[in-house]
Amino acid sequence: MNLDPLWVYIAVAGIAYIENIFPPFPSDVIVVAAGALIGLGTIDFALALFLATAGSTLGFMTMYSVGHWFGNAIVETGRLKFLPREGIHKAEGWFRKYGYGLIVANRFLAGTRAVISFFAGFSSLKFGLTVFLSCVSALAWNSLLLSGGRALGKNWRAIIPHIETYSTVITILIGLIVLGAIVRAIVRRKRAGAQRQSPQHMTKDATEPRG
């Protein structure tokens, strides 16, 4: 493939970071796509895993810092629109019940990652332990995504016949739809022509003298 690996690595790390700041963001889809490129031999598994994990961890710690330093003001004013009040109350309950266990599970909880990282800082959890646990969570999750994508990439030849069959079926369906539309248009045109002619015949018949 003519795809520059450098840009793939930058995209993996950057999107993994951004997802923690501006959710929702399709970082998981990008990581799986990167795994497919690993299967095709375009990029390296270990480096992609390192960058995805580093981006995820840095993003988590960024939101941790925001929660730690500005959490009170943000919660009171509601400035972050992606932190709804119901999410705030839910996260508070989670941290009271599970504590550091949530940090380990955070990557597996799609849609609440930014909330968890924010409240980890807001709850003043220990910085060093939080960094370590968030890194472990990101490492485990990204390993699964990259491995799945790699398996897809390695078997792309086996998938091609299914894609070709799908394309054939779709092409036939589209052809039938177009043909049906053409037939319908012809029928409507004939009916419209017949309706335009029928008043003339009726007028002509009415004016002819009866014997």
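This note sets out numbered points on the fold, the aromatic contacts, the charged pairs and one helix of a predicted model.

1. Overall fold. The chain is built from eight helices and has zero strands. Along the sequence the pattern accordingly reads α-α-α-α-α-α-α-α. Of its 211 residues, 31% count as buried. The accessible surface of the chain comes to about 13,500 Å², with 67% of that area belonging to carbon and sulfur atoms.

2. Contact range. Among contacts between residues at least 6 apart in sequence, 82% join residues at least 24 apart. Two individual cases of residues distant in sequence are taken up below, in points 5 and 6.

3. Aromatic pairs. A search of the whole structure returns five aromatic pairs. In one of them, the ring centres of F118 and F119 are 5.2 Å apart and the planes stand at 85 degrees, so this pair is edge-to-face. F118 and F119 are both buried. The rings of F118 and F122 also pair, with centres 6.2 Å apart and planes at 10 degrees; the angle is under 30 degrees, so the arrangement is stacked. F118, F119 and F122 together form one aromatic cluster.

4. Setting of the stacked pair. F118 and F122 both belong to helix α6, residues 113-122, and are separated by four residues, about one turn of the helix. An α-helix has 3.6 residues a turn, so residues three or four places apart point the same way. The two rings nevertheless fall into separate accessibility classes: F118 has 0% relative accessibility and counts as buried, whereas F122, at 24%, counts as partly exposed. The value for F122 lies above the 20% limit below which a residue is called buried, so the partly exposed label follows.

5. An approach between α3 and F122. N72 is found in helix α3, residues 45-77. N72 and F122 are 50 residues apart in sequence, yet their C-alpha atoms are 7.5 Å apart in space. With a relative accessibility of 54%, N72 counts as exposed.

6. Salt bridge. Side chains of opposite charge can pair when their charged atoms come close. The count of salt bridges in this model comes to one. The partners are E19 and R107, whose closest N and O atoms are 3.1 Å apart. E19 lies in helix α1, residues 5-19, and R107 in the loop between α5 (101-105) and α6, so the pair ties together parts that are 88 residues apart in sequence. Both partners are covered: E19 counts as buried at 8% relative accessibility, and R107 is buried with a relative accessible area of 2%.

7. Charge over a ring. A further contact of a charged group involves R150 and F45. The charged end of R150 sits over the ring of F45, at 4.5 Å from the ring centre.

8. Geometry of helix α2. What span should the 13 residues of helix α2 have at 1.5 Å a residue? The expected value is 18 Å, because the rise is multiplied by one less than the number of residues. The end C-alpha atoms of α2, which covers residues 27-39, are 19 Å apart, in agreement with that expectation. Buried residues in α2 are S27, D28, V31, A34, G35, A36, L37 and I38. Just after this helix, G41 takes a positive phi of about 85 degrees.

Definitions and conventions:
Residues are numbered from 1 along each chain as its sequence is written. This is a predicted model: local features need pLDDT of at least 70, side-chain atom pairs count only at pLDDT 80 or more; totals for chains, interfaces and linings use all residues. Side-chain values use heavy atoms; hydrogens and water are left out. Rings of Phe, Tyr and Trp (its six-membered ring) pair if their centres lie within 6.5 Å; planes under 30 degrees apart count as stacked, over 60 as edge-to-face and the rest as tilted. Buried means under 20% relative accessible area, exposed over 50%, partly exposed in between (1.4 Å probe, protein chains only). Helices (H or I, at least four residues) and strands (E, at least two) are DSSP runs, numbered from the N terminus. A charge sits over a ring if NZ of Lys or CZ of Arg is within 6 Å of the ring centre and within 35 degrees of the ring normal. A salt bridge is a side-chain nitrogen of Lys or Arg within 4 Å of a carboxyl oxygen of Asp or Glu. Contact means heavy atoms within 4.5 Å. Accessible areas come from the Shrake-Rupley method with a 1.4 Å probe; for residues, only the protein chains shown count as cover.
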